[in-house]
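Visitor: I am new to this structure and should be grateful for an introduction.

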Amino acid sequence: MAFTLYNTLGRELQAFKPIREGKVGFYGCGPTVYDYAHIGNLRAYTVHDILVRFLRRAGFEVTHVMNITDVGHLSGDNDEGDDKMIKSAEERGKSVLEIADFYTKAFFLDTARLNIQRPTVVCRATEHIGDMISLIRRIEERGFTYSAGGNLYFDTAKFPSYGELALLRPDELKHGARVEVDENKRNLTDFVLWFTKSKFENQALVWDSPWGRGYPGWHIECSAMSLKYLGEQFDIHAGGIDHVSIHHTNEIAQSEAATGKHPWVRYWFHNEFLVLNKGKMSKSAGDFLTLQSLIDSGYDPLDYRYFLLGGHYRSQLQFSWEGLLGAKNARKSLLDRIKNLAEKAGQVPPPAGAENPAESAGGGHEGAYLDAFNRALEEDLSTPRALAELWGLLRDNSLESTAVLTAAFDMDQVLGLGLREAVETAREKEPEDEVREIERLIAERKEAKQAKDFTRADSIRQALKDRGIILEDGPVETKWRRL
Ligand code: AMP
Ligand code: ZN
């Protein structure tokens, strides 16, 4: 397979060649679990999922590592602002760990609903403080650190290739090029490895370290955990485009300073943003959409997955309700077509595998669509083109139904639209399902109210009302009736 991938390091398409034959080490920056993931974040994880599924289908053994940030991430990536976890815990009257647990569960519920495969390793920052301390010691021993104002800093001036990933110019690295917020920093781009002088009086999570009691800077966790689980050099590191200039730039500096090995990571894979009304998605602007809010508005999570597949990962994607409705309708036609074919074929072909390799290769004319589908993905993961090939295959009436289904299911190993499941479990939604769903939403609204998340509680009430269901709050329980 000739797979070409765009590498942010070097800004060019490059032929993909793993370090160890047949194996791929993949690290994707995971969520900061202080709130629900928004649908922009979920674009990043869906894109990672497509890449991992594609590599697995091509025969690679992929180790996918994802971190969970539950300490040390400030609202500004450059050591500025509030601590996201502490702020959220305070606002919700919970402990930091309770908040982390709650939103980690919510995150994996969202990713499961989007048919995103669970990473091979999921690692929490607070469970790897020892690894971070050992890594900082290595960086220190090699002379890349200094202490100032009670914190330990990385001295970016000592790392000659600093900023290579982000194409930072040397004059952008000098002190004073921008209003400096931390006077302890020798260079504008220096960053904290370990905080001892807490910025926050109420810092909940602190650990002993050679530099005093404190907590790690944000960037060190990704270096420490990826080195631990993937080795000192690995193949692909992924994240959103916003991480290029600071977070990933700092990760490279730390990791290469500690190991002395270059390049730490072969391919840097960055997804562009999902944008709303040409702006960045932000909580303050009230345009913070979660997967649940799409579900409450009557969409299936896979409608959103389909919507995402319609954009190339390196292009900005504009979210709109019309666009999502278009995706919903297209996915419905897709499933109708698949069910139709299954009826015609009279059976659902078994999964391609060791017993029936010929079918998975697509021996007939359907093979041409499979080839084009593979080529689209091999050329920097073009999901829009891949999706078009799936449609071409399904619309081609000259092909035999079983062969078409086999090829479509094969393609769906990467697309993850649940095509096989749709025919295997096809049945009409029963009324009991609806009652169960309403009761689940009422319970969720109760939980939201208890967590003082009134926006969410109101949005559930409104979503039910839009479906003709009226809620009546009594002293003990909430009853519902149809309009
Ligand atoms: P965070 O939980 O803020 O660390 O973000 C999780 C992931 O989502 C990171 O890889 C971000 O780069 C990515 N991300 C954040 N906002 C967006 C967006 N609007 N569209 C796509 N990816 C995003
Ligand atoms: Zn990271």
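Guide: A residue is called buried under 20% relative accessible area, exposed over 50%, and partly exposed in between (1.4 Å probe, protein chains only). This is a predicted model, in which local features need pLDDT of at least 70, side-chain atom pairs count only at pLDDT 80 or more, and totals for chains, interfaces and linings use all residues. Residues are numbered from 1 along each chain as its sequence is written, chains are lettered from A and ligands numbered from 1 in the order in which they are written, and side-chain values use heavy atoms, leaving out hydrogens and water.

Visitor: Is histidine 247 buried or exposed?

Guide: Histidine 247 provides NE2 to the zinc ion (ligand 2), alongside Cys29 (SG), Cys222 (SG) and Glu251 (OE), at 2.1 to 2.6 Å. Donors are N, O and S atoms within 2.8 Å of the metal (3.2 Å for Na, K and Ca); water is not among the atoms, so sites may look incomplete. Because its relative accessibility is 1%, histidine 247 counts as buried.

Visitor: Which arrangement do the four donor atoms around the zinc ion (ligand 2) make?

Guide: Four donors count as tetrahedral if all angles lie between 85 and 135 degrees, and as square planar if opposite donors are over 155 degrees apart and all others between 65 and 115; six count as octahedral under that second rule, and anything else is irregular. Here the angles are 71 to 129°, so the arrangement is irregular.

Visitor: In which helix does cysteine 222 lie?

Guide: Helices (H or I, at least four residues) are DSSP runs, numbered from the N terminus. Histidine 247 belongs to helix H7 (residues 244–259), so the pair ties together parts 25 residues apart in sequence, cysteine 222 being in helix H6 (residues 219–230).

How values were computed:
Helix = DSSP H or I, 4+ residues; strand = E, 2+ residues; numbered from the N terminus.
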